[in-house]
Amino acid sequence: MRLLALLLATSLFAADAPKAKAPAAPKAPEPPVYLTEAEAGAVNTDFKLQGEYANSKFGADVIALGADNFHLVLFKGGLPGAGWDGSPKIEVDGKRDGEGVKFEDKIDSATLADGKLIIKSLGKGLSLNRIVRHSTTEGLAAPKDATILFDGKNADAFVDGKIDPRGFLEANTKTKQAFTDFKLHLEFFLPFKPLGRGQGRANSGVYLQHRYEVQVLDSFGLKGLDNECGGIYKNSAPSVNMCFPPLQWQTYDIDFTAAKFDKDGKKTGSAYVTVRHNGVTVQDNLELKGATPGGAFKTEVPAPGPFYLQGHGNPVVYRNVWVVAK
């Protein structure tokens, strides 16, 4: 009963001429990527089992890892941002078992099928149902004083902005306009890439002033590090991992105050940022002590900068992007 009990309780040189180098090994093929639920469900049945599960007392993330492998993360109290009490998570690997999945350690077991996750213990079972959450700010209308950067009609506000066949803004573009202090709203959509791992799993990023990166990544069910969704890259991990499963719209609502400088250009005050991921504050008035890696602007100077939606070889898309200058 360990699974449930833990949950509840809390030669470098040669004399002759150098030898010819062996031919490089062929590059491994890129993992498959699915852009829609219909495509993922038709080609990869693991997608239908991945997701969030909950009842009144517990929450669970079920992550599809490809090749019939899964990972289960259990939370006491409910899902992150919806009841989880912050106690240690319990994590168990699982394998496809017929139409469902079986997760098992040496004592306890859990099964997943027909939209239900059953955790077995001493003849009794906890039942969690699959749910689909939506951010409280999904579809948030821009206020009257906002500058609309992308509403699906065109990408004129972006340098070489491209709209995909579905009408969404593709990553790897920056705004033509520069900003200082602001409130930014945007929504992003991560592809399903079950065989991807780490930074290869739907990687992008939102750069503020092209200096500070708010990471975008499919980190559903992961640890919640500074290089995962909601993190400030190389600076601060999110206070809670609020990443939804891939192929669901997610939101960032970002309040930013730029660094301050005197008349001689000497820095007198740090930049600060608050990030709400899917409606939950994950960075609370965080002091940014310098630019993060990867941006076009490597240093802080008394000048505004554009937003950059990082292109990192993954088909991440955005919508409903607007900003209010402060």
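# Reading the labels on a predicted model

The structure holds zero disulfides. This is a predicted model, and the questions below ask how its labels follow from the computed values.

Q: Why are Cys-229 and Cys-243 not called a disulfide?
A: A disulfide needs two cysteine sulfur atoms within 2.5 Å. The sulfur of Cys-229 has its closest cysteine sulfur in Cys-243, at 4.2 Å, which is too far for a bond. Seen from the other side, the closest cysteine sulfur to that of Cys-243 is in Cys-229, again at 4.2 Å and too far.

Q: How do you know whether Cys-229 is buried or exposed?
A: Buried means under 20% relative accessible area. Cys-229 has a relative accessible area of 1%, so Cys-229 is buried.

Q: And what label does Cys-243 get, buried or exposed?
A: Its relative accessibility is 3%, so Cys-243 counts as buried.

Q: What makes strand β2 largely enclosed by the rest of the structure?
A: Strand β2 covers residues 58-66, and eight of its nine residues are buried, so the rest of the structure largely encloses this strand.

Q: How do you know that β1 and β2 pair, and in which sense do they run?
A: Two strands pair if there are at least two bridges between them. Strand β1 (residues 51-54) is joined to β2 by four bridges, and the two run antiparallel. Ala-54 stands opposite Gly-59 in β2, and a hairpin through three residues joins β1 to β2.

Q: What makes β2 and β3 a pair?
A: The requirement is at least two bridges, and eight bridges join β2 to strand β3 (residues 69-76), with the strands running antiparallel. The bridge partner of Gly-66 is Asn-69 in β3. The hairpin of β2 and β3 has two residues between the strands, and there Ala-67 takes a positive phi near 55°.

Q: Why is strand β18 described as largely enclosed?
A: Five of the seven residues of β18 (residues 271-277) are buried, so this strand too is largely enclosed by the rest of the structure.

Q: How do you know which strands pair with β18?
A: Again the test is at least two bridges. Strand β15 (residues 249-257) and β18 pair over six bridges in the antiparallel sense, with Thr-257 opposite Tyr-272 in β18. Six bridges also join β18 to strand β19 (residues 280-288), and these strands run antiparallel. There, Ala-271 has Leu-288 in β19 as its bridge partner. Between β18 and β19 lies a hairpin with two residues, and Asn-278 in the turn has a positive phi of about 55°.

Q: What makes β11 and β14 edge strands?
A: The open sheet has four strands in the order β11-β20-β13-β14, with antiparallel pairing. The strands β11 (173-174) and β14 (212-216) are the edges, as each pairs on one side only. For β14, five bridges link the strand to β13 (residues 204-208) in the antiparallel sense, and Leu-208 stands opposite Tyr-212 in β14.

Q: Why does Arg-201 count as buried?
A: The cut-off is under 20%, and Arg-201 is at 6% relative accessibility, so Arg-201 counts as buried. This arginine sits in the loop between β12 (182-189) and β13.

Q: Which backbone oxygen atoms does the side chain of Arg-201 reach?
A: A polar contact needs N or O atoms within 3.5 Å. The side chain of Arg-201 reaches the backbone oxygen of Lys-193 at 3.4 Å and the backbone oxygen of Gly-196 at 3.2 Å.

Q: How do you know that Asn-314 and Lys-193 make a polar contact?
A: Their side chains are 2.9 Å apart in this contact, which fits the limit of 3.5 Å. Asn-314 lies in the loop between β20 (308-309) and β21 (317-325). At 10% relative accessibility, Asn-314 also counts as buried.

Q: Which residues line the largest pocket, and what is its volume?
A: The volume of the largest pocket is about 160 Å³. Its lining consists of Ile-63, Leu-65, His-71, Gly-196, Arg-197, Gly-198, Arg-201, Asp-218, Phe-220, Gly-221 and Leu-222.

Q: What makes up the lining of the largest pocket by class?
A: There are four nonpolar, four polar and three charged residues in the lining. Glycine is classed as polar here, and the lining includes Gly-196, Gly-198 and Gly-221.

Technical notes:
Residues are numbered from 1 along each chain as its sequence is written. This is a predicted model: local features need pLDDT of at least 70, side-chain atom pairs count only at pLDDT 80 or more; totals for chains, interfaces and linings use all residues. Side-chain values use heavy atoms; hydrogens and water are left out. On a 1 Å grid over the protein atoms alone, a cavity is a set of points where a 1.4 Å probe fits but cannot get out, and a pocket is an open set with protein on both sides within 12 Å along at least five of seven lines; lining residues have an atom within 4 Å of a point. Grid points are joined across faces, edges and corners, and a volume is the space filled by probe spheres set on the points. Buried means under 20% relative accessible area, exposed over 50%, partly exposed in between (1.4 Å probe, protein chains only). A polar contact is a pair of N or O atoms within 3.5 Å; within protein, one must be able to donate a hydrogen and the other to accept it, and residues adjacent in sequence count only if both atoms are side-chain atoms.
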